[in-house]
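This report describes a single protein chain, going from its interior to its surface. The sequence and the structure are shown first.

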Amino acid sequence: MATSTSVAAPSPTSTAAPARRRSGRGSKLTRGDKGVLAVMVGIPTLIQAVLIWIPMLLSIGLSFTRWNALALSNIRPAGLANYDFVLKDYPPFWPAVQHNIIWLLFLAVLGTPLGLLLAVLLDQNIRGSRIYQSIFFVPVMLSLPLIGIIWQLMYARNEGFINNLLGTAGTAGAVDWFGDSNVNLWAALIAATWRHSGYVMVLYLAGLKGVDPALKEAASIDGANATKTFFQVVFPSMKPINIVVVVITIIEALRAFDIVYIINRGTNGLELISALVVQNLVGEGQVIGVGSALAVMLLVVSLVPITIYLSRTFSKDA
């Protein structure tokens with residue numbers, strides 16, 4: 001008699017459960033993955049903490065103290081005395097504030113529009129536009145101390161290019177561009193604008209490449225000329241780039257330091273808040289509390305445009 005054997009088919013649940021368990025085990029991070037992730041996150045965080053957050057917190061704390069930087073035991077609490085001294089009795093402070101404001105206005109009125117103009121011209125697909133872009137972008141790649149040295153050669157009273165061009169080099173009529181307090185600020189501003197305009201140019205070139213060509217075509221169909229098309233269609237459509245450029249311009253004006261420090265250590269008409277910070281924190285006449293108070297005041301002012309930019313950015317993303 002024939003016997004029949006039947007094999008029961010596995011139920012869906014019996015096969016799905018191990019599959020789920022296998023997939024669950026595969027999605028978990030291994031010990032090696034966790035180690036790599038910890039290194040990738042931990043090292044940048046540690047670097048940022050050591051170079052940014054810890055010095056910032058120490059500066060805030062030291063701004064409320066008196067200290068000669070010789071021994072930790074000499075630290076004495078001072079309350080708001082350092083801030084009161086800076087605001088009321090520190091002679092270079094208010095001229096430095098004025099110079100920072102002039103720096104900001106100069107970059108906003110001349111440097112930033114010049115960068116925008118260069119971007120518009122180079123966006124026209126003119127012959128050799130890549131070469132021109134590289135030429136105007138070169139100052140951005142140079143460090144600010146190197147830019148200061150380059151412009152020292154340009155502005156030198158007896159051997160400088162500008163005085164030689166004017167034919168006054170080596171004569172009594174030669175302009176002392178860096179030594180004369182009536183003109184050295186403007187000379188430094190031109191040097192700073194040389195770099196700033198190239199940076200702005202790159203940002204606006206990227207923004208112009210992202211403008212929808214259909215918007216320009218629609219404006220031309222409506223009878224708008226090139227000028228109206230740019231100011232009424234193209235420029236408003238680059239609002240994110242405009243916000244970035246405004247923030248960068250403000251920060252550039254607040255952190256201006258390298259050029260004036262190379263020229264004359266930020267003195268004789270070139271006082272800036274950042275230069276005053278270094279003067280009080282470095283050198284023989286260290287006044288750590290005053291320098292820290294100046295640094296904290298500069299930090300607070302700098303955080304205003306950064307906070308506005310970040311709040312607008314994250315509010316749009318949300």
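## Internal cavity

In this predicted model, the largest cavity encloses about 130 Å³ of space. The residues lining this cavity number 14, and those closest to its centre are W103, L144, A192, E252 and A256. Helices α4, α8 and α12 (258–264) are the elements that each give two or more residues to this lining. A search of the whole structure returns 1 cavity of 30 Å³ or more.

## R195 and its surroundings

One of the cavity-lining elements is α8, and R195 is placed in this helix. With a relative accessible area of 14%, R195 is buried, because the limit for that class is under 20%. Leaving aside neighbours within four places in sequence, R195 is in contact with P139, V140, L142, L144, I147, E252 and R255. L144 and E252 are also among the residues closest to the centre of the largest cavity.

The contact with V140 joins positions that are 55 residues apart in sequence, yet their C-alpha atoms lie 5.5 Å apart in space. For the protein chain as a whole, 62% of the contacts with a separation of 6 or more are between residues 24 or more positions apart.

## Salt bridges

Side chains of opposite charge can pair when their charged atoms come close. The structure contains 3 salt bridges. In one of them E252 pairs with R255, the closest N and O atoms being 2.8 Å apart. E252 is buried, at 13% relative accessible area, whereas R255 is partly exposed, at 39%. Both residues are also in contact with R195.

The side chains of D123 and K209 form another salt bridge, with an N to O distance of 3.1 Å. This pair links distant parts of the chain: D123 lies in the loop between α4 (93–122) and α5 (129–141), K209 lies in helix α8, and the two are 86 residues apart. D123 counts as buried at 14% relative accessibility, while K209 counts as exposed at 53%.

A further salt bridge brings together the side chains of K88 and D84, at 3.0 Å from N to O. K88 and D84 are separated by about one helical turn, because they are 4 residues apart in helix α3 (residues 81–88). K88 is exposed, at 63% relative accessibility, and D84 is partly exposed, with a relative accessible area of 34%.

## Largest pocket

The largest pocket has a volume of about 390 Å³. Its lining comprises 17 residues, of which M56, A295, L298, L299 and S302 are the closest to its centre. At least two lining residues come from each of α2, α11 (239–254), α13 (273–281) and α14 (288–317). The greatest contribution is that of α14, which supplies 7 residues to the lining.

## Nonpolar surface patch

Helix α2, which spans residues 31–62, contributes to the pocket lining. This helix also holds L58, one of the residues in a nonpolar surface patch of about 970 Å². The other members of this patch are V39, I43, L46, I47, V50, L51, I52, W53 and I54. L58 has a relative accessible area of 51% and is therefore exposed, the limit for that class being over 50%.

## An exposed loop position

A172 occupies the loop between α7 (161–166) and α8 (184–209). At 76% relative accessibility, A172 counts as exposed. The C-alpha atoms of A172 and R157 are separated by 10.0 Å, with the two residues 15 residues apart along the chain.

## Overall composition

The secondary structure of the protein chain consists of 14 helices and 2 strands. Of its 318 residues, 32% are buried. The accessible surface of the chain is about 19,400 Å², and carbon and sulfur atoms account for 68% of this area.

Methods:
Residues are numbered from 1 along each chain as its sequence is written. This is a predicted model: local features need pLDDT of at least 70, side-chain atom pairs count only at pLDDT 80 or more; totals for chains, interfaces and linings use all residues. Side-chain values use heavy atoms; hydrogens and water are left out. Patches are made of residues with over 30% relative accessible area and no salt bridge: like charges are joined within 9 Å, nonpolar side chains (Val, Leu, Ile, Met, Phe, Trp, Tyr) within 5 Å. Accessible areas come from the Shrake-Rupley method with a 1.4 Å probe; for residues, only the protein chains shown count as cover. A salt bridge is a side-chain nitrogen of Lys or Arg within 4 Å of a carboxyl oxygen of Asp or Glu. Buried means under 20% relative accessible area, exposed over 50%, partly exposed in between (1.4 Å probe, protein chains only). Contact means heavy atoms within 4.5 Å. On a 1 Å grid over the protein atoms alone, a cavity is a set of points where a 1.4 Å probe fits but cannot get out, and a pocket is an open set with protein on both sides within 12 Å along at least five of seven lines; lining residues have an atom within 4 Å of a point. Grid points are joined across faces, edges and corners, and a volume is the space filled by probe spheres set on the points.
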